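Me: I have a model open and want to learn how to read its sheet and its empty spaces. Can we go through them step by step?

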Amino acid sequence: MVPDISTGSRTYGLLAYLYGPGRRDEHIAPHIVAAWSPELAPDPGRDPAATLKQLTDRLDLPVLALPKNRRPARHVWHCPVRTAPGDRHLTDAEWGEVARRIVHATGIAEEGDDKACRWIAVRHADDHIHIVATLKREDGRSPRRHEDGIRAQAECRKIEREWGLQILNEGDGTAAQRPTSAERSKAERTGRAEPPRETLREQVRQALAGSADEDEFFRRLTEAGLRLERRVAPSGDTIGYKVALPGDRNRDGQPIWFPGSKLAPDLSLPKIRERLEAGTVDNEPALADPDHQSSRPARARRNATHIAEQALTTLAGDHDGDVAAQLVGFGELLDAVAQTTPASIRKELSAAARTFERATRTHIRAEHADHHALRAAARGIVRAGNALGKGEDGGTTAMLLSTMVLVTIAAIRWHSGRGHAQQAAAARQAAQHLRAAYQTAAATPMNTMRAQGRQLPAPARDRYAHTLEGAFPAQANLLLCEPGWDALAATLAQAEHEGHDPEALLRKGIESRELDTADVTDVLVWRLRRIGELPAASISARARTTPRLHPPQPQALKPATPENPNRRGTNSSRRPGPRR
């Protein structure tokens, strides 16, 4: 059950919408289900003689009774309350009870207070109501509605538990402000895909990702095409900023500005300065280039993969301040990747970045100095420019996304263990978007590696199967059945050709954290290619027939099958032990 409180200045206009047909004729039989006084509240939906003007006058009466200088500029309190998808449809009587509990909990009209604000609850659909109140009591005083949104949420959680509805995640006051109903309505009228507030929040986050200093942040905002206005003190110092979308204007033709703090709590200028000053990044991060032929985007992604893997260790630690900082830095890295990826996966990555943004904010103070490496990686990706969807660019993108999925899984565990319900849910949704993006990005390079792995000579495949069993005995049978086993065999073959000990390299890859939370063979393929400095998108043809570099010779083995996962070979029924 979701309440969404906002305020306005036109009682009649809101009522006309509630009792009207809706924007898509979706309003069905609008009528009042509860009111401050059912006898005094005319219902145009049920009484043919009642009018919207009469209902407006009754609601506005306590406000109009005051001198003009005492009337609030925004005197209309509006709170839609909606059940979650899948919940049963409530009756009119139940919705009336919901409305009475909400106005009591928020201080609009406490039970037994005959001097409270005037209010009504209108129903025009099965799954929600609209509570409308005017913000002056009968005695001329204003209601005590401090933190009314938080109190409305808390009351909805109580109702959900008592009535057997879906219990939604509780908020903690760190979420970004959602678009108001008026902002959503205007976006629909003007043909925008979303309200400007959400577009601006994403573009400000992307401008901040990896910025070295405040000047670069402001420059990126203007380069993104946003209107920018700084708030300057008499001393000449910048003390704030606000942004607007070109063409987004109010009825007077003026730009509609949004201060950073109204977009998200951590996008105010003081919060941005705190992040920039504590986590200053290098002008040009050093980028790994194992084959000296990779593009800058590919090198930046390979470098970011290593840094993201290091973040996994921190996320499994006990210092909450360090973990909070890593999540902030990872959010920047995700923003950087989302704006520089190929079009085929940009939609999923943008959704992942938007969703994970909620997982970066808690009441735990972040030790910002600890996200220096992640911010540097984000900067490297932004400065390297857009990656292609093929070749080494595509392969290193899949490599990075595979690791980013693991980071989000670690974030889910950390938030869940501390009762951060909304943040854990956000990280879970981000992981789903990242997995979808990974599947698309990894399809071509993984298919190529699988094909080349299947072309390896049978003795080589058997030897690598024995290597896997020696390094990972607990799961070897299952891993040999995974679709990624052929790609892993091809990777081990190329690693051996380049002079690596396959078993030592495999053990090093397995030592890293979070290996049991995803498709293990896929994770190992990308991890070994990064550790072994192997190309991410192609395999040397010579690696297909690589001579053995590391004796002794084990027994020939056959991979396990789903029908007989314990079958290990045809020459002997004894299970071979690990190589020594």
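Reply: Start with a rule for pairing: two strands count as a pair if DSSP finds at least two bridges between them. This is a predicted model. Here β8 and strand β9 (residues 258-259) pair in the antiparallel sense, over two bridges. In that pair, Val-243 faces Phe-258 of β9.

Me: Which strand pairs with β8 over six bridges?

Reply: The general idea is that strands of a sheet pair through backbone hydrogen bonds, either parallel or antiparallel. In this structure strand β7 (residues 227-232) is joined to β8 by six bridges, and the two run antiparallel. Two positions help you find the register. Glu-229 stands opposite Lys-242 in β8. Arg-230 stands opposite Tyr-241 in β8.

Me: How many residues lie between the strands in the hairpin of β7 and β8?

Reply: Five residues sit between them. Look at Gly-236 there: its phi is positive, near 95°.

Me: In what order do the three strands form the sheet?

Reply: The order is β7-β8-β9, in an open sheet with antiparallel pairing. β7 and β9 stand at the edges with a single partner strand each, so one side of each has no neighbour in the sheet.

Me: Why is strand β8 largely enclosed by the rest of the structure?

Reply: Use burial as the guide; buried means under 20% relative accessible area. Strand β8 spans residues 238-244, and five of its seven residues are buried, so the rest of the structure largely encloses this strand.

Me: Which helices should I look at around the sheet?

Reply: Take two. α6 lies across β8 and β9, and it runs at about 125° to β8. Helix α7 (residues 214-223) packs on the sheet and touches β7 and β8. The direction of α7 makes about 20° with that of β8.

Me: Now the empty spaces. How many cavities of 30 Å³ or more are there?

Reply: Rolling a probe the size of a water molecule over the atoms shows where empty space is left. The count here is two cavities of 30 Å³ or more. The largest cavity has a volume of about 130 Å³. It is lined by 13 residues, and the closest to its centre are Arg-205, Gly-331, Glu-332, Asp-335 and Thr-360. α6 (196-208), α11 (320-338) and α12 (343-356) each give two or more residues to that lining. α11 has the largest share, four residues. By class, the lining of the largest cavity holds five nonpolar, two polar and six charged residues.

Me: What lines the second largest cavity?

Reply: First, its volume is about 40 Å³. The lining residues include Thr-305, Glu-309, Met-399, Trp-526 and Arg-527. Two or more residues come from each of α10 (296-315), α14 (391-417) and α20 (520-531). The largest share, four residues, is from α14. This lining divides into four nonpolar, three polar and two charged residues.

Me: And pockets? How much space lies in the second largest pocket?

Reply: A cavity is space the probe cannot get out of, whereas a pocket is an open set of points. The second largest pocket holds about 380 Å³ of space. Of its 17 lining residues, Asp-266, Lys-271, Arg-361, Thr-362 and Ile-364 are the closest to its centre. α9 (269-278) and α11 are the elements that give two or more residues to this lining. The largest share, three residues, comes from α9. By class, the pocket lining has five nonpolar, six polar and six charged residues.

Methods:
Residues numbered from 1 in each chain as written. Predicted model: local features only at pLDDT ≥ 70, side-chain atom pairs only at ≥ 80, totals over all residues. Heavy atoms only, no water. 1 Å grid on protein atoms, 1.4 Å probe; cavity = no way out; pocket = protein on both sides within 12 Å on 5 of 7 lines; lining within 4 Å. Points joined across faces, edges and corners; volume = space filled by probe spheres on them. Nonpolar A, V, L, I, M, F, W, Y, C, P; charged D, E, K, R; others polar. Buried < 20%, exposed > 50% of the residue type's maximum accessible area, 1.4 Å probe, protein only. Contact = heavy atoms within 4.5 Å. Axes fitted to C-alpha atoms, helices over the stretch in contact; angles between N-to-C directions.
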